[in-house]
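This report looks at the empty space inside a protein model and at one place where two helices pack together.

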Amino acid sequence: MKSPFFWLAALFMLTAKGHIEIIDTEYSIRTAKAIIEEGTMLIDPVLPGADHIPSVEGTNKLYSQYGIGLLAIFIPIISVAKFLSFCFGFEEVMLSHFILSFYNIPFALLGLWHFREILKKLGQDHHTANFLMLCLAVGTIFWKYVVTDFSEVTQISLLLGAIYSYINKECPQRWFFVSAYLSMLILLKVVYVIILPPFVILAVIEGSKEKKIIKNLVQGASFLTLAALFLMTLNWHRYGNILESGYGTAQSAFSLDYLQRDFIDYLISFDRGLFPYSPLLLVAFLGFREFFKRDKKLFFLIVTISASLFLLTASWVGWKGGYCWGNRNIVPIIPLIALGWAY
């Protein structure tokens, strides 16, 4: 079989854990079950004592602080688990956790496809692009996160989808696709609003040359506006505040002290450094000079997104991570750095 995706899917399926690993996922699981069973998003506390989460007046239950977009994935899976449990007598919790442990795999394959197609757009031939895609898939920490229930790989898939849509200039409606991918990404994790400015800047720059600024901005804002209205409505319904996403007192817990403490640690330390756990990324920097010379706008996009996500994560809350590799919130910049392999 010529396509590598079958073998990647088989590899990921065989190495997935088959069970839920992190407590964060339980928030989304409970929310999905509450919607299916009770028609509400209120859930019992998963981790007693998490006092940063906003309380809900009149009840000891709470709303999950994690992205509402995950529910679009979890609700169908849990519904299927309930049906199979009813039909065959399997334990519902065990079955739903088992199926959910694989949910990143289709998103991983989609993200890898996007990565390969971006490399081809940048000039690599099909076979070399396939090889570099395999390097990302199995030669970096990307693999570890495919086979767990962390959502970072799903985020990567949508982020790469937005970047691919941007560079796919043969498509006259490409800014609609950029908007669609970015809106799904923000619904998955609202902090991704931080990466919108570079896309807006490029929409204006390219539109000014083609006299399509308004068209680009209208297309780019289409799905994002709907996502914003949906989130604001949901936040008002839950908390009476359109800006409260559920993180409460941790929502703006940023500190330069955290940044100073973790900046170097996240890059080169042997317990949580980005490059010791994904050393192939160092090769990407050899191509960055040529990358800058050949495609300044895309280079600007990946550098600003990577820097924004890294600085935001390193200065937020002070959580140092440590699960296999450092702070998992920085995982999405791995394929962005790896795009330097194109040159």
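The second largest pocket holds about 240 Å³ of space, where a pocket is an open set of points on a 1 Å grid over the protein atoms alone, with protein on both sides within 12 Å along at least five of seven lines, and a volume is the space filled by probe spheres set on the points. This is a predicted model, in which local features need pLDDT of at least 70, side-chain atom pairs count only at pLDDT 80 or more, and totals for chains, interfaces and linings use all residues. Residues are numbered from 1 along each chain as its sequence is written, and side-chain values use heavy atoms, with hydrogens and water left out.

Fifteen residues, each with an atom within 4 Å of a point, line this pocket, and Phe 285, Ser 306, Ala 307, Ile 333 and Ile 337 lie nearest its centre. Helix H17 (296-314) is one of the elements that give two or more residues to this lining, and with six residues H17 supplies the largest share.

The largest cavity, a set of points where a 1.4 Å probe fits but cannot get out, has a volume of about 40 Å³, and its lining includes Ser 28, Tyr 66 and Arg 238. The two linings divide by class as follows, with Ala, Val, Leu, Ile, Met, Phe, Trp, Tyr, Cys and Pro counted as nonpolar, Asp, Glu, Lys and Arg as charged, and the others, Gly among them, as polar.

| Lining | Residues by class |
|---|---|
| Second largest pocket | 14 nonpolar, one polar, no charged |
| Largest cavity | four nonpolar, four polar, one charged |

Notes:
Helix = DSSP H or I, 4+ residues; strand = E, 2+ residues; numbered from the N terminus.
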